[in-house]
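Here's a quick tour of a protein model with a ligand in it. Have a look at the sequence and the coordinates first, then read on.

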Amino acid sequence: MNNWLGLAGKTCAVTGAASGIGAAIAEALVAAGASVALVDRNAEGVQLVSDRLNTAGGKTLAVAIDTSDEAAVRAAADRIRTQLGPCSALINNAGLLRAAPLADVSLSDWNSVLAVNLTGYLFCARSFAPHMRELGHGSIVNVASISALNPQTNSGAYSASKAGVLLLSKQMAAEWGPEGIRSNAICPGMIRTALSAKFYEEPGFEKKRAAVTASRRVGEPEDIANVAVFLASDRAAYVNGAELLVDGGMDCMLMDLVPRPGFNTQAATGAH
Ligand SMILES: NC(=O)c1ccc[n+]([C@@H]2O[C@H](COP(=O)([O-])OP(=O)(O)OC[C@H]3O[C@@H](n4cnc5c(N)ncnc54)[C@H](O)[C@@H]3O)[C@@H](O)[C@H]2O)c1
């Protein structure tokens with residue numbers, strides 16, 4: 001099963017690679033033998049991840065830019081092509097969360113969330129697509145969220161941005177599929193990362209989250225990384241324009257949350 005994914009010797013770019021899901025995806029791509037460009041606006045953090053992976057024998061390049069700045073993204077794509085070669089895969093993952101109810105969300109927060117979570121994905125995709133055209137094939141993996149499919153109070157800007165990612169992902173599949181470029185989206189459920197770390201500080205919180213998940217556990221960044229490397233690889237050659245929910249079965253728990261005395265004690269009480 002050596003090089004089962006066929007990623008050895010290929011070049012990939014991962015945004016938001018300084019932390020959480022992005023760092024885990026970068027690590028999984030390196031483990032599969034790819035050279036990886038780690039893109040993040042956290043210069044120090046992304047350099048640390050790159051140094052760690054290089055020390056372990058990987059070939060990575062840290063690139064510190066803001067993905068919502070199109071000129072910076074284009075310059076980064078050129079630098080990556082020069083230093084690592086054209087990318088056959090882009091993992092669009094850099095994202096942020098700003099919590100507020102719709103009635104109060106500031107225009108600045110609304111615009112920042114859309115600029116990074118949605119527009120930044122477009123900027124990266126259209127800056128790396130020329131690499132893929134040059135190669136004659138490519139894969140864009142867009143990390144969306146279960147929030148793209150389900151509203152959650154206080155999360156309106158985030159959910160709208162992620163819903164936009166799902167359509168953007170399909171749009172890229174439709175427009176660029178004929179050129180050999182695939183585009184797919186992953187919708188992670190609840191994953192333990194810096195983005196959600198604050199929630200887990202509350203005593204008993206993790207147990208409550210596990211209780212509303214069919215698999216009865218919170219997800220780890222590696223759970224998403226394994227799916228991302230598959231979609232990035234030629235093993236997913238006929239997967240195009242798809243949305244893959246990776247949530248431990250949380251999305252199928254809605255009816256278990258409906259009070260029904262005597263039937264739904266597990267989810268209601270948090271028992272395992
Ligand atoms: N953690 C979860 O439960 C969860 C669930 C669903 C979806 N997601 C999505 O997964 C992705 C990764 O999230 P995470 O949980 O690993 O978060 P994280 O906060 O650990 O990592 C996000 C990374 O993105 C970088 N980033 C943010 N804005 C950027 C910008 N403008 N330019 C470049 N880099 C930028 C940050 O510096 C950080 O390193 C996000 O798109 C997030 O919305 C996360």
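What follows covers the ground rules, the nonpolar cores, the ligand site and the salt bridges.

**Ground rules.** This is a predicted model, so local features need pLDDT of at least 70, side-chain atom pairs count only at pLDDT 80 or more, and totals for chains, interfaces and linings use all residues. Residues are numbered from 1 along each chain as its sequence is written, and side-chain values use heavy atoms, with hydrogens and water left out.

**The cores.** A nonpolar core here is a set of buried Ala, Val, Leu, Ile, Met, Phe, Trp, Tyr and Cys residues joined through side-chain atoms within 4.5 Å. Buried is under 20% relative accessible area, exposed is over 50%, and partly exposed is in between, using a 1.4 Å probe and protein chains only. The largest such core has 69 residues, and I25, L29 and I80 touch the most other members. Helix α1 (residues 20-31) gives this core its largest share, eight residues. Helices are DSSP runs of H or I with at least four residues, strands are runs of E with at least two, and both are numbered from the N terminus.

Which residues does L29 touch, leaving out those up to four places away in sequence? They are L7, C12, V14, A34, V36, I91, V229 and A232, with contact meaning heavy atoms within 4.5 Å. There's also a second, separate core of six residues, I146, Y200, F205 and V218 among them.

**The ligand site.** Around the ligand there are 29 residues, and S19, D40, N93, Y158 and T193 come nearest; a residue counts as near if one of its heavy atoms lies within 4 Å. Some polar contacts are worth pulling out; these are pairs of N or O atoms within 3.5 Å (within protein, one must be able to donate a hydrogen and the other to accept it, and residues adjacent in sequence count only if both atoms are side-chain atoms). A polar side-chain atom of D40 sits 2.6 Å from a ligand oxygen, and for an N or O atom in the side chain of Y158 the distance to a ligand oxygen is 2.5 Å. I191 uses a polar backbone atom instead, 2.8 Å from an oxygen atom of the ligand. Taken alone the ligand exposes 830 Å², and the protein buries 93% of that. Those areas come from the Shrake-Rupley method with a 1.4 Å probe, and for residues only the protein chains shown count as cover.

**Salt bridges.** The rule is a side-chain nitrogen of Lys or Arg within 4 Å of a carboxyl oxygen of Asp or Glu, and by it the count comes to 13. Here are some of them:

| Pair | Closest N to O distance |
|---|---|
| E27 and R52 | 3.3 Å |
| R74 and E70 | 3.1 Å |
| R217 and D223 | 2.9 Å |

The E27 and R52 pair links distant parts of the chain, with E27 in helix α1, R52 in helix α2 and their positions 25 residues apart. Helix α2 spans residues 43-55. Their C-alpha atoms are 9.6 Å apart. E27 is partly exposed at 37% relative accessible area, and R52 is partly exposed too, at 43%.

R74 and E70 are four residues apart in helix α3 (residues 70-84), so about one helical turn separates them. R74 is partly exposed at 40%, whereas E70 counts as buried at 19%. This pair also belongs to a network of salt bridges that links E70, R74 and R126.

As for the remaining pair, R217 is partly exposed at 44%, and D223 is partly exposed at 24%.
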